[in-house]
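Reader: I have a new model on my screen and would like to talk it through with you. Could you start me off gently?

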There are 2 protein chains.
Amino acid sequence: MSRIRGAIVSLSLLATPAFAAEPIALRDMGSFHVGGRLVEISGRPVKEVVFTQGGVPAKIDPNGTYQVEQMYVQYFLPADEKGAYPLLMWHGGGLTGVTYETTPDGREGWLNYFLRRGWSVYNSDAVERGRAGWAQYPDIFKSEPVFLTTSNPFERFRIGTGPGWDPDPAKRKLMPGSQFPNEGYDNFTKQGVPRWTTNDDATLAAYIAEIDRVCPCVILFHSQAGAFGFKAAQARPDKVKALVAVEPAGVGDPGRVDALKGIPSLLVYGDFIEQDSRWPKIRATGAAFADGIRAAGGTAEVVDLPKAGINGNSHMMMMDKNNAEVAALIQTWLEGKGLTKKP
Amino acid sequence: MSRIRGAIVSLSLLATPAFAAEPIALRDMGSFHVGGRLVEISGRPVKEVVFTQGGVPAKIDPNGTYQVEQMYVQYFLPADEKGAYPLLMWHGGGLTGVTYETTPDGREGWLNYFLRRGWSVYNSDAVERGRAGWAQYPDIFKSEPVFLTTSNPFERFRIGTGPGWDPDPAKRKLMPGSQFPNEGYDNFTKQGVPRWTTNDDATLAAYIAEIDRVCPCVILFHSQAGAFGFKAAQARPDKVKALVAVEPAGVGDPGRVDALKGIPSLLVYGDFIEQDSRWPKIRATGAAFADGIRAAGGTAEVVDLPKAGINGNSHMMMMDKNNAEVAALIQTWLEGKGLTKKP
């Protein structure tokens with residue numbers, strides 16, 4: 001062990017931000033795309049494009065068939081599997097699967113956390129995001145993409161208050177006791193990707209295609225994926241064994257909560273919700289949906305982290321300084337639901 | 001071992017396309033973004049956006065500071081490191097780091113191949129691609145993105161001939177003896193992402209930022225990244241220990257080949273080049289650049305796979321059916337240059 005630690009320090013301390021305490025043994029790792037459809041475009045003029053400076057021009061005929069609305073999934077399968085099912089991770093809006101990787105300040109994220117605890121983790125980029133690719137608009141995607149300034153998530157994700165982001169970390173007004181790694185905030189803004197507001201149906205369809213390929217499974221989902229997680233489970237109730245909703249911004253179909261009565265659900269909310277302009281209503285929508293699941297005879301638990309003695313969490317709790325503490329709460333809940341293998 | 005193999009078969013045969021013969025032991029894995037710059041946008045009206053169906057509207061002020069032109073790097077560090085330096089993998093145009101992951105027909109790609117041979121692999125998404133994100137145009141990016149039909153790469157990457165892609169794999173006219181996994185071609189089209197033709201400087205700057213963070217290193221690069229690989233090495237000759245150019249579509253500055261004389265370079269070309277409309281010239285440009293490196297006193301070897309007895313390779317040789325054979329040729333070359341650790 002000391003030899004391995006020595007190798008880590010000498011070879012990669014500067015190159016890699018996260019320091020791993022123990023090796024990770026994988027029986028396999030890889031990726032695939034899933035879902036999507038073919039679309040025809042016609043009637044456009046042929047273009048000549050020089051792809052590389054000084055390169056040889058290529059004729060590009062924009063007419064023809066396009067592959068669109070697929071999603072990307074990367075998987076890591078531990079040699080010593082302890083989860084009873086694979087764990088799918090679905091990110092929030094304007095983001096990708098990077099959400100669950102190394103935190104913006106260089107610590108281990110939830111992907112490594114759950115992988116180290118023996119879960120087969122399937123981390124993904126939703127339709128239109130990251131390695132899923134995106135399609136031309138307005139021909140195929142029906143709206144324009146939305147881009148966010150460096151200030152926007154700073155306030156909207158309850159990291160700090162106005163006047164918002166400042167290039168000098170010391171000049172930013174953080175929420176009192178904020179757990180967000182302020183010194184990594186600029187790295188966090190590099191994780192952002194454009195988003196559309198009109199692709200919800202395509203995104204849900206691709207998530208269901210992922211379920212049909214990978215599950216039975218547990219799904220952990222964040223923010224915008226709140227609606228996708230609950231709706232996908234409603235569409236495939238036999239294939240989803242548990243739902244972990246991390247600050248879901250949307251919910252499933254309230255008229256079909258009975259489909260979820262056999263699927264234990266955990267909803268987790270962070271700190272600073274009461275004083276926010278939008279989050280009290282968002283949280284209330286989630287809590288009401290959980291009430292509906294329970295009224296239908298199911299199990300849905302709502303955890304407000306401050307009431308559980310865990311304070312200071314932003315909307316991005318998977319990258320907050322206490323991200324391992326929040327992950328441990330989820331891990332304990334999953335163990336309590338019998339979703340880990342018996343020793 | 002039989003216990004582990006049993007677990008693979010029972011748990012993940014359907015869920016995971018690639019079957020790994022032996023576990024992969026990592027001392028760490030993670031990701032980071034690097035490079036980029038801040039840009040100011042002003043004078044635009046504030047929008048109200050409903051991000052999630054049925055969600056709470058949020059005010060989006062498009063004016064402010066944007067983080068743009070960063071790139072994404074994912075790293076896998078083997079517990080038993082055998083490469084003398086980290087191995088950086090740079091993908092080609094309209095693609096992402098997925099190029100080196102599981103092949104479109106579900107076999108192991110070059111990321112796993114070199115990781116299993118003890119290389120610390122840093123696989124990336126260049127500026128504007130995948131998890132690197134992209135910036136609004138024409139404000140920040142100066143051209144429109146280019147989208148490719150399903151037919152376009154089929155011919156341009158020397159997989160098959162006209163009339164191009166057909167939804168029925170049996171109706172596609174493949175190159176004689178093609179090694180491309182035709183049955184996975186539709187999955188390959190899902191890996192494609194839009195590209196711009198005006199971001200070369202930003203892309204090169206981000207790659208140099210990656211070098212400054214991770215290297216000394218070996219860089220393996222493909223297609224469009226030909227220009228980036230050679231130019232980045234010319235900008236940081238002390239940090240680059242070897243270059244593996246896989247069908248480079250561009251080259252470095254011919255007037256500065258002397259900067260590369262201390263960096264052994266390997267250029268690898270596949271099959272079906274002579275009968276292509278563009279590839280004879282592209283290959284000749286690469287071979288002439290290699291001549292220049294040698295004339296400056298350096299080492300640059302050009303390998304045409306058919307002349308080495310390896311036939312049928314497309315432009316995407318890292319996903320061809322014989323991808324392990326081509327990788328072994330590269331691995332042997334790296335070993336011959338003393339770039340693996342002494343046992």
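Author: Happy to! One term to begin: the radius of gyration is taken over C-alpha atoms, and the globule rule is 2.2 Å times the number of residues to the power 0.38. Please keep in mind that this is a predicted model.

Reader: Thanks! What radius of gyration does chain A have?

Author: Chain A has 343 residues, and for that number a compact globule would come out near 20 Å. The C-alpha atoms fill a box of roughly 60 × 55 × 50 Å along the principal axes. The chain's own value agrees with the globule rule: 21 Å.

Reader: And what percentage of the residues of chain A count as buried?

Author: A residue is buried if 20 or more other C-beta atoms lie within 10 Å of its own. Applied to the 343 residues of chain A, that gives 56%.

Reader: Now chain B: which elements do the buried residues of α6(B) pack against?

Author: Helix α6 of chain B spans residues 225–235, and nine of its eleven residues are buried. Among them are B:Phe228, B:Phe230 and B:Lys231. Their packing partners in chain B are β5 (87–90), α5 (200–214), β7 (217–222) and β8 (240–246).

Reader: Lovely. How are the two copies related?

Author: Chain B superposes on chain A with an RMSD of 0.0 Å after a rotation of 180° and 0.0 Å of shift along the axis. The copies are therefore related as by a two-fold rotation axis.

Reader: Last one: through which surface do the copies meet?

Author: Of the interface residues of chain B, 100% are also interface residues in chain A, so the copies meet through the same surface.

How values were computed. Residues numbered from 1 in each chain as written. Chains lettered and ligands numbered in written order. Predicted model: local features only at pLDDT ≥ 70, side-chain atom pairs only at ≥ 80, totals over all residues. Buried ≥ 20, exposed ≤ 12 C-beta atoms within 10 Å, placed from the backbone. Helix = DSSP H or I, 4+ residues; strand = E, 2+ residues; numbered from the N terminus. Contact = placed C-beta atoms within 7 Å. Least-squares fit on C-alpha atoms with pLDDT ≥ 70 in both.
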